[in-house]
Amino acid sequence: MRVSIRRQLITLFMPFVFGLWIATAVVSFWLVSSFAGDSFDRDLISSADSIVGRLRVQNGKVTLDLPPAALAILKHNESDKFYYNVISLDGKRLIGDIDLPSPHAPLQADAPRVKTAKLGEKEIRIAKIRVGLKYDDGEDVIVQVAETTNVRKRFQEKMLLSIALPQLLVILLGLLAVWYGITKILTPLRLLQSQIASRSQSDLSAVHESDVAEEIYPLVQEINKLLARLREELKAHQRFIANAAHQLRTPLAGLKTYSSIGCDMTETKDLQHIVKELDTGIDRASRMVSQLLALARTDASEQGVNAKTQVDLNFIVSDVTAELVEQAVLKDLELVYEQSQEPAFIYGEQTGLRHMVTNLVENALMYTPHGGKVKVQVKNNGGVVLRVSDTGGGIPEEERVKIFERFYRVDGTAGSGSGLGLSIVKEVANFHSAKIAVEELPTGPGTLFIVEFPKNNNSKNTVN
Ligand code: ADP
């Protein structure tokens with residue numbers, strides 16, 4: 001399982017925070033309980049004092065003048081049981097009808113002592129005062145006052161809740177704040193992630209470094225260094241293809257000249273056939289080389305090497321069709337060009353667009369039999385659209401996605417194709433954020449290619 005920073009922080013914090021909570025709750029509870037206990041004990045001692053004040057010696061006997069009304073005042077609450085007695089120093093009960101636990105250590109006169117003891121099953125708190133009183137059997141007596149601890153315990157429970165609950169609430173709010181804080185802290189990482197995710201595979205430009213947090217900055221720097229190395233690598237690769245293609249062009253052109261001459265000169269029929277094959281092969285190699293060059297150029301455009309300018313697609317299309325008229329005439333094809341009424345401005349890369357139009361029209365001419373028709377249209381109804389249609393054999397529906405792959409040719413396709421033409425078209429379309437569609441000609445057998453440029457692609461200010 002992947003490590004989560006958020007989960008790790010929370011699991012690190014939780015035991016610490018909860019430990020702290022329990023420790024502070026225990027300390028606070030102990031402090032408050034001991035303060036409250038002192039107050040309860042003072043009440044008990046004052047009850048014992050009241051009893052001391054009502055002790056008399058009559059005829060040598062110790063008596064207590066404690067009417068029921070006075071006894072009611074001595075009791076502090078209805079929930080606890082209240083007990084009292086007066087005993088001699090040797091523990092003999094003189095007054096009261098219950099025996100309470102006698103003091104273990106001798107008491108000092110007028111120095112009250114309070115302690116916890118057991119009376120049967122019940123826990124009691126007992127206060128004892130030694131009083132100097134002369135009577136027949138001795139000189140001093142001990143007054144003992146006790147009460148059960150129900151109210152004290154209930155008070156302690158309430159105290160515990162009133163201390164621990166708010167603290168728990170504070171801790172939970174603290175954890176929530178930590179959670180929110182982590183989410184906030186991780187936002188730059190998410191932004192970085194969406195920045196990288198939204199790129200096309202060919203976009204190797206540097207990631208924005210300006211808004212990046214200090215801790216993530218080294219990571220972004222390393223990503224950018226890697227991207228720069230990849231850019232260099234790719235450029236070198238493209239340069240190599242372009243150079244190789246360029247180098248191949250010259251010897252191929254020479255060979256083409258000789259094979260053309262050879263076709264006319266040979267008298268032997270077999271030799272003529274061989275030279276014809278050679279001529280076709282050279283045509284095919286030449287086409288492949290120029291398509292490779294075009295592809296290297298298109299890749300370079302994607303890396304931002306070739307600049308975009310504002311171009312009217314009408315000019316490019318009229319130029320290309322003019323160049324290809326001869327090819328159409330040789331094949332007895334009707335080549336029609338319809339330009340848009342409004343200028344069809346695109347903020348684009350001229351050479352790439354030219355390759356796109358050339359490849360589409362050349363394909364239409366190549367795959368349309370003699371006597372057919374090829375129509376090239378530029379439309380501008382808010383957005384610029386290029387339509388290239390032909391009355392050829394058409395492209396089977398299941399092949400229409402595959403034909404844009406590099407080096408893909410439909411099985412059984414004749415001619416000196418390289419399988420690269422439409423992949424160049426697709427890359428140029430992607431570079432201009434244009435949508436490309438292949439349809440069957442509505443009016444009969446044939447193919448219709450539609451390239452739709454985005455509506456906001458006609459101005460420099462609205463692109464990039
Ligand atoms: P090629 O160099 O073979 O023309 P492309 O990438 O330009 O390579 O085209 C790929 C394949 O798509 C071609 O081999 C051909 O089978 C098919 N194709 C392209 N354009 C047309 C068209 N206008 N009519 C019929 N088939 C076409």
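# Briefing: rings, cores and a ligand site

The charged end of Lys426 sits over the ring of Phe404, 5.7 Å from its centre. This is a predicted model. The structure holds three aromatic pairs. Its largest nonpolar core has 41 residues, and 20 residues surround the ligand. The points below take these topics in turn.

**Aromatic rings**

- Phe18 and Trp21 form one aromatic pair. The arrangement is edge-to-face, with 6.0 Å from centre to centre and 80 degrees between the planes.
- Both Phe18 and Trp21 belong to helix α1, which covers residues 5-53. They are three residues apart, about one turn of the helix.
- Phe18 has a relative accessible area of 26%. Phe18 is therefore partly exposed, since that class lies between the 20% limit for buried and the 50% limit for exposed.
- Phe40 and Phe155 make another edge-to-face pair. Their ring centres are 6.0 Å apart, and the planes meet at 75 degrees.
- Phe40 is in helix α1, while Phe155 is in helix α3 (residues 150-197). The pair therefore ties together parts that are 115 residues apart in sequence.
- Phe155 is partly exposed, at 32% relative accessibility.

**A charge over a ring**

- Besides the Lys426 and Phe404 arrangement, Lys308 lies over the face of Phe431. The distance from the ring centre is 4.6 Å.

**Ile171 in helix α3**

- Ile171 is part of helix α3. Its relative accessible area is 12%, so Ile171 counts as buried.
- Leaving out residues up to four places away in sequence, Ile171 touches Val17, Phe18 and Trp21. Phe18 and Trp21 are also the partners of an aromatic pair.
- Ile171 and Ala364 are 73 Å apart in space, C-alpha to C-alpha. In sequence they are 193 residues apart.

**Nonpolar cores**

- In soluble globular proteins, nonpolar side chains tend to be buried together.
- Among the 41 residues of the largest nonpolar core, Leu313, Met356, Leu360, Leu386 and Phe453 touch the most other members.
- Helices and strands both contribute two or more residues to this core. Among them are α5 (269-302), α6 (313-330), β11 (373-381) and β12 (383-390).
- Helix α7 gives the largest share of this core, seven residues.
- Leu386 touches residues that include Leu313, Val317, Val357, Leu360 and Phe449, not counting residues up to four places away in sequence.
- A second, separate core has 21 residues. Ile51, Leu64, Leu66 and Ile95 are included in it.

**The ligand and its surroundings**

- Of the 20 residues around the ligand, Asn363, Tyr367, Arg409, Ser418 and Leu422 come nearest.
- A polar side-chain atom of Asp390 is 2.9 Å from a nitrogen atom of the ligand.
- Two backbone contacts involve oxygen atoms of the ligand. A backbone N or O atom of Leu422 lies at 2.8 Å, and one of Val410 lies at 3.4 Å.
- Arg287 lies in helix α5. At 13% relative accessibility, Arg287 is buried, because the limit is under 20%.
- Arg287 contacts Glu362, Asn363, Met366, Ser416, Gly417 and Ser418, with neighbours within four places in sequence left aside. Asn363 and Ser418 are among the residues that come nearest to the ligand.

**Helix α8**

- Nine of the 11 residues of α8 are buried, so this helix is largely enclosed by the rest of the structure.
- The buried residues include Leu422, Ile424, Glu427 and Phe431. Leu422 is also one of the residues nearest the ligand, and Phe431 carries Lys308 over its face.
- Ser433 follows α8 and has a positive phi, near 55 degrees.

**Exposed positions and positive phi**

- Asn59 is a residue other than glycine with a positive phi, near 55 degrees. Asn59 is in the loop between β1 (55-58) and β2 (61-64). Its relative accessible area is 77%, so Asn59 counts as exposed.
- Asp332 also has a positive phi, near 60 degrees. Asp332 lies in the loop between α6 and β9 (334-338). At 51% relative accessibility, Asp332 is exposed, because the class begins over 50%.
- Asp270 is in helix α5 and is exposed, at 60% relative accessibility. Asp270 and Leu255 are 15 residues apart in sequence and 19 Å apart in space, C-alpha to C-alpha.

Notes. Residues are numbered from 1 along each chain as its sequence is written. This is a predicted model: local features need pLDDT of at least 70, side-chain atom pairs count only at pLDDT 80 or more; totals for chains, interfaces and linings use all residues. Side-chain values use heavy atoms; hydrogens and water are left out. Rings of Phe, Tyr and Trp (its six-membered ring) pair if their centres lie within 6.5 Å; planes under 30 degrees apart count as stacked, over 60 as edge-to-face and the rest as tilted. Helices (H or I, at least four residues) and strands (E, at least two) are DSSP runs, numbered from the N terminus. Buried means under 20% relative accessible area, exposed over 50%, partly exposed in between (1.4 Å probe, protein chains only). A charge sits over a ring if NZ of Lys or CZ of Arg is within 6 Å of the ring centre and within 35 degrees of the ring normal. Contact means heavy atoms within 4.5 Å. A nonpolar core is a set of buried Ala, Val, Leu, Ile, Met, Phe, Trp, Tyr and Cys residues joined through side-chain atoms within 4.5 Å. A residue is near a molecule or strand if one of its heavy atoms lies within 4 Å of it. A polar contact is a pair of N or O atoms within 3.5 Å; within protein, one must be able to donate a hydrogen and the other to accept it, and residues adjacent in sequence count only if both atoms are side-chain atoms.
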